[in-house]
Amino acid sequence: QGPGGPVTLPMSTPAVIQVWLQGCQDCMPAFEASKALEARGGMDVGLPVVNVAYGSASTSWAQEFGLDQRLVFDPSGGALVRPLGIGTFTTLVIDEQGYVRLRDRPDNAGYAERVTGAARALLSGPARTTTTP
């Protein structure tokens, strides 16, 4: 559930999920990289993007870092964060069954290319590899 309403995961299509914790000092390089990427026009992944805040978050703060699109909250971390073992800002590309096809961070070199490549691969056909559900 978030300010714009509920989001159900997995969705009927592949999606990009960004999981983050407002105020996480270890996440600040990723937050800044995400903000810089948004300032350059963001990524055109062709998939729905969902931003999952571990706990609660200020919507104005989320907007400052380009994380306010489809913003939802995982208050205890029990729905998504802890089951996936996420401790810091993490981007996931998931297929329509909820399998994680890519796990990355915006502050890693080549991030945008890997995320858009994974999204294109999911959009281009039924080829699947075995990964973590």
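Which hand does the link of C24 and C27 have about its S-S bond? The link is right-handed, with 75 degrees about that bond. Keep in mind as you look around that this is a predicted model, and let's start the tour right at this spot.

The sulfur atoms of C24 and C27 sit 2.4 Å apart, and the two residues form a disulfide. Don't go hunting for others, since a search of the whole structure turns up one disulfide. Both of its ends are tucked away from the surface. C24 has 9% relative accessibility, so C24 counts as buried. C27 goes down to 0%, so C27 is buried as well. The cut-off behind both calls is a relative accessible area under 20%.

From the disulfide, move on to the strands. Strand β1 covers residues 15-20, and five bridges join β1 to β2, with the two strands running parallel. If you want one contact to put your finger on, try V19, whose bridge partner in β2 is V52. Between these strands comes helix α1, residues 28-39, and together β1, α1 and β2 make a right-handed β-α-β unit.

Now stay with β2 and look at its other pairing. β2 and strand β3 (residues 71-74) pair over four bridges, again in the parallel sense. Here N51 is a handy marker, because its bridge partner in β3 is L71. To get from β2 to β3 the chain passes through helix α2, residues 59-64, and this β-α-β crossover is right-handed. So β2 has bridges to β1 and bridges to β3. What about its cover? Strand β2 spans residues 49-54, and five of its six residues are buried, which leaves the strand mostly covered.

While you are at helix α2, pick out A62, which is found in that helix. A62 has a relative accessibility of 0%, and therefore counts as buried. For a sense of scale, go from A62 to D26: the two are 36 residues apart along the chain, and their C-alpha atoms are separated by 17 Å.

Next come the charged pairs. How many salt bridges does the count come to? The count is four, and three of them are worth a visit here, beginning with D95 and R101. The side chains of D95 and R101 meet in a salt bridge at 2.5 Å, N to O. D95 has a relative accessible area of 0%, so the acid in this pair is buried.

The next stop is D104, which forms a salt bridge with R114, with 2.5 Å between the closest N and O atoms. D104 belongs to strand β5 (residues 100-104) and R114 to helix α3 (residues 111-124), so this pair ties together parts that are ten residues apart in sequence. The two partners are covered to unlike degrees, if you check each in turn. D104 is buried, with a relative accessible area of 6%, whereas R114, at 34%, counts as partly exposed.

The salt bridge of D107 and R105 turns that arrangement around. Their side chains meet at 2.9 Å, N to O. In this pair the acid, D107, is partly exposed at 32% relative accessibility, while the arginine, R105, is buried with a relative accessible area of 16%.

Finally, look at the empty spaces. The largest pocket has a volume of about 230 Å³. Its lining is made up of 14 residues, and those closest to the pocket centre are Q18, E38, M43, V49 and Q69. Several elements you have already visited return here: β1, α1, β2 and α3 are the ones that give two or more residues to the lining. Which element gives the most? That is α1, with three residues.

There is also an enclosed space to find. The count comes to one cavity of 30 Å³ or more, and the largest cavity has a volume of about 40 Å³. Its lining includes V19, W20 and L21, along with Y54 and V81, and then I86, G87, T88 and F89. V19 should ring a bell, as the residue with V52 for its bridge partner in β2. That brings the tour back to the pairing of β1 and β2, the parallel strands joined by five bridges.

Key: Residues numbered from 1 in each chain as written. Predicted model: local features only at pLDDT ≥ 70, side-chain atom pairs only at ≥ 80, totals over all residues. Heavy atoms only, no water. Disulfide = S-S within 2.5 Å. Buried < 20%, exposed > 50% of the residue type's maximum accessible area, 1.4 Å probe, protein only. Right-handed = clockwise from strand over helix to strand, strands pointing away. 1 Å grid on protein atoms, 1.4 Å probe; cavity = no way out; pocket = protein on both sides within 12 Å on 5 of 7 lines; lining within 4 Å. Points joined across faces, edges and corners; volume = space filled by probe spheres on them.
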